[in-house]
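The following exercises train the reading of a protein model. Please study the sequence and the structure before attempting each task.

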Amino acid sequence: MTPEKAPTYISRLTPPGQAALATFGVFGSRAWEIARTLIRRFSGEELPDVPNAGRFWFGRIGGEIADEVVVALKRTEPIPLVEVHAHGGREVARFLVDLFSAQGARVCSWRDYVWLTEPDTLSAEAAIALAQATTLRTASILLDQHRGALGDALADVLVALENGKSATAEEMLDRLLRYASVGEHLTKPWRVVVAGAPNVGKSSLVNALAGYQRSIVAATPGTTRDVVTTSIALDGWTIALSDTAGLRPEADALEAEGIERARTTMADADLCLWILDASSPPVWPSEPHSSVLLVVNKIDLAPIWHNEGEAIAISARTGQGLNELCEAVVSRLVPDPPPPGASVPFAPHLSASIASARRSLAAGEIEAGKSQLAALLRGDPRSPSPPVLRGRGVAVGG
Ligand SMILES: Nc1nc2c(ncn2[C@@H]2O[C@H](COP(=O)(O)OP(=O)(O)OP(=O)(O)O)[C@@H](O)[C@H]2O)c(=O)[nH]1
Ligand SMILES: [Mg+2]
């Protein structure tokens, strides 16, 4: 489809709800023409017919009922892209979308809008992931990928393969795969579970790390019955921290259910903090877990056993040792953090495709490896959650 015929879409880019402002994207061959029809400058003049991209105007949209807007022409080529910033109430948003749709613009979701307006699949996926990032650190890694860090690295691997340097290409892919785990956790939190015997201070530790009283703390063993999960960020990494019921053999039916849930949560966790009580005989983990960090709590009390030095010593009550614990958690979860600008496969399906290409190269199947990598750069139609609008003959730039 030629750019002149590309249908025009309108999408609300800010989330629904009440806010001071809402932003709308209008994309398609008639984007500017419709904006000119609907929006007048404050002076009453029409907006210019063929302005340069990068300009913006204050104006009004509507008739008797009208809203004040800022309209920006973000680009004109190959397909016009206009942004409208209006007031952010639900009704204002509906009113504005209805006006554009009455002029023939099709309404689409913000995700579909990203797929339509981004130059390639990797940029679109990175832009969508970026909107879900909850910390500055994860957002900045995703922003690097949106600016092309991963795409450039994959293109370099293809160049190496074109030049017959398959060993170099394999090393380059290995460098990318080092960050597969980080990439997976940019939008999905690491799962850390706090487990141990009853009354050792698990809930107190979760509350100390969360910074508020998320879990009930009591001197009675068996206080926590259900899994209580809290979102925290440590050193810019997002973590779902789960408090669990204390594990012990003698438990009533309700507590036994809590213990069963604790075991399931432990089995799924990326890291288990096993809490021991300095003031009671130690209860060591009986459950095998691939990644356990031993923590001795209540070091503000007189210890009744000697910590051989392997466990991290803390007091959830006084806060002593919590910084060291946080550092240890981070270095267990992210032992090799990517430096700024690094290429990171930022979704599991990207890492899986890169790993598969790596296996093809190791098996000497160079052409297969090349085509897997090229498919990533082009955008593989089998990628997860394909956008609704793709494949409908819409001109997606590039
Ligand atoms: N002195 C001291 N007491 C603590 C510390 N951490 C927790 N406690 C106390 O130990 C008791 C049990 O604390 P919780 O945090 O409820 O322990 P828990 O492991 O969650 O217990 P369950 O939910 O029953 O398994 C409470 O009386 C807390 O105030 C600590 O660092 N020092
Ligand atoms: Mg508890």
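**Exercise 1. A helix across a sheet**

Across which strands does helix H11 lie, and at about what angle does helix H11 run to S12?

Solution. The model is a predicted one, in which local features need pLDDT of at least 70, side-chain atom pairs count only at pLDDT 80 or more, and totals for chains, interfaces and linings use all residues. Residues are numbered from 1 along each chain as its sequence is written, while chains are lettered from A and ligands numbered from 1 in the order in which they are written.

Step 1. Helices (H or I, at least four residues) and strands (E, at least two) are DSSP runs, numbered from the N terminus. Two strands pair if DSSP finds at least two bridges between them. An open sheet of six strands, with mixed pairing, follows the order S9-S10-S8-S11-S12-S13.

Step 2. Strand S9 (228–234) and strand S13 (312–313) each have a single partner strand, so one side of each is left without a neighbour in the sheet.

Step 3. Helix H11 (residues 322–333) lies across S8, S9, S10, strand S11 (271–277), strand S12 (292–297) and S13, and runs at about 175 degrees to S12. Here contact requires C-beta atoms, placed from the backbone, within 7 Å. Axes are lines fitted to C-alpha atoms, for helices over the stretch in contact, and angles run from 0 to 180 degrees between N-to-C directions.

**Exercise 2. Pairing within the sheet**

Determine how many bridges join strand S8 to strand S10, and find the partner of Trp190.

Solution. Strand S8 (residues 190–196) and strand S10 (residues 237–243) run parallel and are joined by five bridges. Trp190 has Ile239 in S10 as its bridge partner.

**Exercise 3. Two loop residues**

Is Asp235 buried, partly exposed or exposed, and which of these words describes Lys298?

Solution. Step 1. A residue is buried if 20 or more other C-beta atoms lie within 10 Å of its own, exposed if 12 or fewer, and partly exposed in between, with C-beta atoms placed from the backbone.

Step 2. Asp235 lies in the loop between S9 and S10. With 15 other C-beta atoms within 10 Å, Asp235 is partly exposed.

Step 3. Lys298 is found in the loop between S12 and S13. Lys298 has 23 other C-beta atoms within 10 Å and is therefore buried.

Step 4. Most residues other than glycine have a negative phi. Asp235, although not a glycine, has a positive phi of about 55 degrees, and Lys298, also not a glycine, has a positive phi of about 65 degrees.

**Exercise 4. The seven-stranded sheet**

Identify the edge strands of the open sheet of seven strands.

Solution. Step 1. The order is S3-S4-S5-S6-S2-S1-S7, with mixed pairing.

Step 2. Strand S3 (39–41) and strand S7 (106–107) are the edge strands, each pairing on one side only.

Step 3. Within the sheet, strand S4 (residues 56–62) and S5 pair in the antiparallel sense over seven bridges. Arg60 stands opposite Glu68 in S5.

**Exercise 5. An unusual peptide bond**

Where is Pro78 found?

Solution. Pro78 is in the loop between strand S5 (66–75) and strand S6 (81–87). The peptide bond from Glu77 to Pro78 is cis, with omega near -10 degrees, whereas most peptide bonds are trans.

How values were computed
Two residues are in contact if their C-beta atoms, placed from the backbone, lie within 7 Å.
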